[in-house]
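This briefing is meant to be read with the sequence and the model side by side. Please keep both in view while going through the points below.

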Amino acid sequence: MAINIKPLADRVLVEPQAAETKTASGIIIPETAKEKPQRGKVVAVGSGKKDHTMTVKEGDLVLYGKYAGTELKLEGTDYLIMREDDILAIV
């Protein structure tokens, strides 16, 4: 399914990954204790700015700040749109 959103300038469209349901030791995390995911897949990338070329590309798995970006829902799927500066690392 193709996304009809093209981010502008240095913005990136990210699809957050699902939050962890179990810890590494096998303890199930209740719904009320789950944290907001901080990892996602880049779905679309803007063209960059005049003095800034984009580092991330579509398909990259990235880490971002807990409260980074603006949430939006498109065709039943949650996305975040954020500036490339809000991305902390490419995994």
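Leaving aside its neighbours within four places in sequence, which residues is D10 in contact with? In this predicted model, the residues in contact with D10 beyond that range are G48, K49, H52, M54, M82, R83 and E84. D10 itself lies in the segment before strand 1, and with a relative accessible area of 5% it counts as buried, because the limit for that class is under 20%.

**Overall layout**

- The chain contains zero helices and six strands, and reading along the sequence gives the pattern β-β-β-β-β-β.
- The C-alpha trace spans about 50 × 30 × 20 Å along its principal axes, and 25% of the 91 residues of the chain count as buried.
- About 6300 Å² of the chain is exposed, with carbon and sulfur atoms supplying 52% of that area.
- Among the contacts in the chain with a separation of 6 or more, 63% are accounted for by residues 24 or more positions apart.

**The nonpolar core**

- The largest nonpolar core has 12 residues in all, namely V12, V14, V42, V45, M54, V56, V62, Y64, A68, L80, M82 and I87.
- At least two residues of this core come from each of strand 1 (11–16), strand 2 (39–45), strand 3 (61–64) and strand 5 (77–83).
- V12, one of the core residues, touches P7, V42, A44, M54, V56, L80, I81, M82, E84 and I87 when residues up to four places away in sequence are not counted.

**Strand 4, strand 5 and the hairpin between them**

- Strand 4 (residues 70–74) has five residues and the number buried is zero, so this strand lies largely in the open.
- Strand 4 pairs with strand 5 in the antiparallel sense over five bridges, and within this pairing E71 stands opposite L80 of strand 5.
- The hairpin has two residues between the strands, and E75 takes a positive phi near 50° there.
- E75 has its place in the loop between strand 4 and strand 5, and its relative accessible area of 56% makes it exposed, because that class begins at values over 50%.
- T77 is found in strand 5 and, leaving aside neighbours within four places in sequence, is in contact with E15 and L72.
- T77 and G59 are 18 residues apart in sequence, while their C-alpha atoms are 17 Å apart in space.

**Backbone before strand 1**

- Most residues other than glycine have a negative phi.
- A9, which is found in the segment before strand 1, has a positive phi near 50° although it is a residue other than glycine.
- With a relative accessible area of 27%, A9 is partly exposed, because this value falls between the 20% limit for buried and the 50% limit for exposed.

**A nonpolar patch on the surface**

- L63, L88 and V91 form a nonpolar patch on the surface, and together they have about 290 Å² of accessible area.
- L63 is found in strand 3, and at 32% relative accessibility this residue counts as partly exposed.
- Strand 3 is also one of the strands that supply at least two residues of the largest nonpolar core, whose members include V62 and Y64.
- In a regular strand the side chains alternate between the two faces of the sheet.

Terms used:
Residues are numbered from 1 along each chain as its sequence is written. This is a predicted model: local features need pLDDT of at least 70, side-chain atom pairs count only at pLDDT 80 or more; totals for chains, interfaces and linings use all residues. Side-chain values use heavy atoms; hydrogens and water are left out. A nonpolar core is a set of buried Ala, Val, Leu, Ile, Met, Phe, Trp, Tyr and Cys residues joined through side-chain atoms within 4.5 Å. Buried means under 20% relative accessible area, exposed over 50%, partly exposed in between (1.4 Å probe, protein chains only). Helices (H or I, at least four residues) and strands (E, at least two) are DSSP runs, numbered from the N terminus. Contact means heavy atoms within 4.5 Å. Patches are made of residues with over 30% relative accessible area and no salt bridge: like charges are joined within 9 Å, nonpolar side chains (Val, Leu, Ile, Met, Phe, Trp, Tyr) within 5 Å. Accessible areas come from the Shrake-Rupley method with a 1.4 Å probe; for residues, only the protein chains shown count as cover. A salt bridge is a side-chain nitrogen of Lys or Arg within 4 Å of a carboxyl oxygen of Asp or Glu. Two strands pair if DSSP finds at least two bridges between them.
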